[in-house]
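Let's take a stroll through a protein model together. Have the sequence and the 3D view ready, and follow along at your own pace.

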Amino acid sequence: MADNSFEAAKALVKLINAQNYEAYITGDLCLLSIHNKFHKDRLKVRTITIATNMDMDKMKHMFSKHIDDSPYSIIVSFANNYYKLVKYHKMVYYHQGIYLNVPYVEELNTIEEYANSQDFSIQTIYVKDNFLTNIYENSNPKIDDIRNKIIRIVGNPEERIVQNPSIILNAFHYMSKLGYQFDAQTMSVIMQNISLIKHIPLKQIGDIFLEIISEKHVYKTMSVMQEMGIFNVEINGKKLFPHLQEKDFECLRAFEKHANMQTEIISELFDKESLDELLQFDILNDEMLKEIKWLISNKNIYGNKTDNEWREVIYNSIDDSMDIHYMKKLILKNNLRQKLTHKSKETEEQCKQLFFNLCARPYFIEQLDINDEDILKIDRNVNVNNVKKMLLKQLIFTDKYPKEDKIKEMLYNCVRSECGEKTEKSE
């Protein structure tokens, strides 16, 4: 986030104040700015949040060019940054001893009420004008928690978790994002109430799981989750992720300091059989699922010796829905994962060989410099697509890539071969 983001946020606050409403900067801009002053591992602010008591209708009218984010928040563009404007509120998930299928929103009146409705002390910091003033001299407990890298639940931890079990998974998201640890009371209450995650909607569990594996401290976090038995919790009669309970997470060390590698990490944690455990959460779109399945299927393709073997591996991994750009992206992802998890000169060379052989041959019809008319001049009745596929396969597996005259000869032979096959089928 740009260095001027706080100054721009202050200007936005003043605009709202001018309409006689409160507004405060809160969320990650406060938390991570303080974190970055105390700690060497500097973290990037992704979202700038401003909380206000302005009614949503007035907020939308004031910022007519906005994006609806939720019933109680909008996204606006201001001074080359995006800002999330939030109406004071809290979500109610538990009412009269019953977990609600659809939570409702309770509007709040003050910034103090809004701050205290957050899950963790490190989320409760809010400022208006003087930001980070004399922060090293402050003895505020929530600032001390950032200084000491502590995740502490606001208020009565047990009561808060019972009312909203998603706090348990949110705590692990913050651990993965920040590298912090739980204070003793938070740890104890989470362990005692871990089974309550069965009350969290499946989609929400899946979304938070994706957030956890997207952050830099995924190895530490997944290891703690494993130790606490989260993956053995039964939801609708099935364990959450049973195969992860005994999984060796050592491979995840390689992904530390590399955020947003969801598909690569999922392909390390799951195989063809256990991937079904993840599908129940309905969090993978078709494109993401396709990438993951390819990465899982081609995890162990790096033991080839000859160029022909490398090309065969590539050829066999292609389906009709792919093109050269998509294939290039998949191989680069696979190579990056391989380099992170198997650091050696041999691995570097294997990844180079794989990518070299992708570039050394055409694997897709659109790469062929041959027009349909070139083929139809040889035989008007031939299936053009079949001829191209036949030629493509020959070009992939020929020992030495042929010159133009030789390719024309190969094309002619492919046409004759295709015509022969058609004749045999018709007979």
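What follows covers a pocket, a helix, two cores and a pair of glutamines.

Before anything else: this is a predicted model, where local features need pLDDT of at least 70 and side-chain atom pairs count only at pLDDT 80 or more, while totals for chains, interfaces and linings use all residues. Residues are numbered from 1 along each chain as its sequence is written, and side-chain values use heavy atoms, with hydrogens and water left out.

Start with the empty space. The largest pocket has a volume of about 1700 Å³. A pocket here is an open set of points on a 1 Å grid over the protein atoms alone, where a 1.4 Å probe fits, with protein on both sides within 12 Å along at least five of seven lines; lining residues have an atom within 4 Å of a point. There are 44 residues in the lining, and Y93, Q118, D119, Q123 and N170 lie nearest the pocket's centre. By type, the lining splits into 14 nonpolar, 17 polar and 13 charged residues. Among the elements that each supply at least two lining residues are helix 2 (28–38), strand 3 (66–70) and helix 7 (166–178). Helices (H or I, at least four residues) and strands (E, at least two) are DSSP runs, numbered from the N terminus.

Now for helix 1, residues 5–17. With 13 residues at 1.5 Å each, it should span 18 Å, and its end C-alpha atoms are indeed 18 Å apart. Its buried residues (under 20% relative accessible area, 1.4 Å probe, protein chains only) include F6, L12 and I16.

What about the inside? The largest nonpolar core (buried Ala, Val, Leu, Ile, Met, Phe, Trp, Tyr and Cys residues joined through side-chain atoms within 4.5 Å) has 91 residues, and I50 and F172 are among those touching the most other members. Helix 7 gives the most to this core, with eight residues. A second, separate core of 36 residues includes I301, W310, L330 and V384.

Back to I50: leaving aside neighbours within four places in sequence, I50 is in contact (heavy atoms within 4.5 Å) with residues including L12, V13 and I16 of the helix we just met.

Finally, here are two glutamines and their surroundings.

| Residue | Place | Relative accessible area | Touches, beyond four places in sequence |
|---|---|---|---|
| Q350 | helix 16 (residues 345–360) | 14%, buried | Y302, W310 and Q338 |
| Q245 | loop between strand 12 (238–239) and helix 11 (262–269) | 16%, buried | Q226, G229, F231 and N232 |

Note on methods:
Grid points are joined across faces, edges and corners, and a volume is the space filled by probe spheres set on the points. Ala, Val, Leu, Ile, Met, Phe, Trp, Tyr, Cys and Pro count as nonpolar, Asp, Glu, Lys and Arg as charged, and the others, Gly among them, as polar. The expected span of a helix is 1.5 Å times one less than its number of residues. Buried means under 20% relative accessible area, exposed over 50%, partly exposed in between (1.4 Å probe, protein chains only).
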